[in-house]
Amino acid sequence: MTLHRTLNRRQLLGAGLAGVAGLSLPLLHPSLAWAQNAPGLGTPTLPTPGFRKLQLGAVDIIALNDGVARRPLGEEFVKNAALDQVKALLASQSLPTDHIDIPFTAFLVVSGGQRVLLDTGFADNGGPTTGRLVANLAAAGFQPTDIDHVVISHYHGDHINGLRQKDGRLTFPNARVHVPAPEHAFWTDDARMAAAPQGMQGAFAAVRRVFNGLPADRLLPFQPGAELLPGIQTQAAFGHTPGMSTVTVRSQGQAFMFVADLTNIPALFARNPDWAVQFDMDAEAARQTRRRVFDQIVKDQMLVGGYHFPFPAMGRMRPEGNGYRFEPLA
Ligand SMILES: [Zn+2]
């Protein structure tokens with residue numbers, strides 16, 4: 001590891017960009033090879049059932065697991081901590097230390113007769129232990145045609161590819177798709193794509209595969225902070241990507257925040273909010289955002305949902321040590 005916590009902001013930013021450049025083809029390639037399970041490490045266990053309902057005042061929030069990917073744990077996963085430290089923190093929570101299981105869980109919000117899906121999984125574009133969202137949606141009693149709105153947190157492949165099947169069909173044919181305007185502007189800039197390193201080309205291409213050809217009246221960019229529907233509000237949470245946005249749902253005095261990739265797996269990056277997962281594009285901005293948002297969630301006693309949190313991926317954040325502990329719903 002060449003990075004340590006003593007690096008200043010400029011160095012961290014530079015390292016963040018370097019991290020993206022070298023970010024590993026597998027991560028961002030449209031084939032999403034990184035979401036396949038690494039050979040020789042066994043197969044991750046998928047949650048059964050793969051959906052879980054939470055009542056929040058007059059609103060239903062349903063966690064919908066799309067799958068889990070298992071990847072080897074190497075030096076690259078946490079950019080600014082020694083592998084020994086990372087393994088020690090996993091071991092202290094009785095978690096394996098030779099691999100990381102990364103779950104993918106989207107959320108359906110049913111509010112005022114509207115069905116709003118937050119992020120989309122992979123559909124049939126990912127590895128063999130992904131692509132379960134639509135089956136889990138059906139198990140929860142909904143069809144893809146029932147989805148009125150999709151809200152996208154950010155444009156990484158594991159969040160957007162589920163909008164469109166491999167053959168080009170839209171998975172949720174009746175949905176309006178709400179996207180963070182700064183995120184959309186970043187990834188759809190052709191000059192930026194042309195100038196981007198080879199390792200990011202796949203991510204830019206995936207954005208075009210998914211969003212090109214969506215009718216203008218179906219693709220609705222929002223400014224982070226905007227209320228999209230009554231009681232469903234977005235917030236800027238930049239850092240992991242240039243325009244990542246969180247979504248807060250409020251009903252009858254209760255609140256739930258979908259934090260998307262504010263952290264990757266909380267066992268590492270909520271417990272140690274200053275650690276940077278390899279996928280954070282601006283590690284220092286991501287670190288500051290992570291602390292700010294988790295502090296708010298704790299102070300306001302909000303329920304939380306995280307895309308890469310262990311299923312049911314909903315629960316509470318509790319202050320612990322230098323960071324926070326995720327307490328899943330019982
Ligand atoms: Zn993600």
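Which residue takes a positive phi in the hairpin of β13 and β14? Select G321: its phi is near 55°, and the hairpin has two residues between the strands. The model is a predicted one, and the tour starts from this turn.

**The strands around the hairpin**

Show β13 and β14 together. They pair in the antiparallel sense over six bridges. To follow the register, pick P319, which stands opposite Y324 in β14. Keep Y324 in the selection for a later stop.

Next add β12, residues 303–305, beside β13, residues 314–320. These two strands also run antiparallel, paired over two bridges. Here V304 is the residue to label, as it stands opposite G315 in β13.

**The largest pocket**

Now move to the largest pocket, with a volume of about 490 Å³. Its lining consists of 24 residues, and those closest to the centre are L95, D101, I265, A267 and P310. Colour the lining by class: 15 residues are nonpolar, five are polar and four are charged.

Which elements supply at least two residues each to this lining? Select β2 (59–72), β3 (99–111), α9 (266–269) and β14 (323–328). Of the contributors, β3 gives the most, with four residues. The strand β14 from the hairpin therefore appears again here, as one of the elements with at least two lining residues.

**Aromatic pairs**

Display the Phe, Tyr and Trp rings. The structure holds 12 aromatic pairs. Start with Y155 and F211: the ring centres are 4.5 Å apart and the planes meet at 15°, so the pair counts as stacked. Y155 sits in the loop between β5 (149–151) and α5 (157–160), while F211 belongs to helix α8 (residues 198–211), so the contact ties together parts 56 residues apart in sequence.

Are these two rings buried or exposed? Y155 is buried, with a relative accessible area of 1%, and F211 is buried as well, at 4%.

Return to Y324 and add F294. Their ring centres lie 5.1 Å apart with the planes at 50°, so this pair is tilted. The cut-offs place stacked planes under 30 degrees and edge-to-face planes over 60. F294 is in helix α10 (residues 283–299) and Y324 in strand β14, so the pair joins parts that are 30 residues apart in sequence. Both F294 and Y324 are buried. Y324 is also the residue that P319 stands opposite.

For the last stop, select F77, F269 and F279, which form one aromatic cluster.

Methods. Residues numbered from 1 in each chain as written. Predicted model: local features only at pLDDT ≥ 70, side-chain atom pairs only at ≥ 80, totals over all residues. Heavy atoms only, no water. 1 Å grid on protein atoms, 1.4 Å probe; cavity = no way out; pocket = protein on both sides within 12 Å on 5 of 7 lines; lining within 4 Å. Points joined across faces, edges and corners; volume = space filled by probe spheres on them. Nonpolar A, V, L, I, M, F, W, Y, C, P; charged D, E, K, R; others polar. Pairing = 2+ DSSP bridges. Phe/Tyr/Trp six-rings, centres within 6.5 Å; stacked < 30°, edge-to-face > 60°. Buried < 20%, exposed > 50% of the residue type's maximum accessible area, 1.4 Å probe, protein only.
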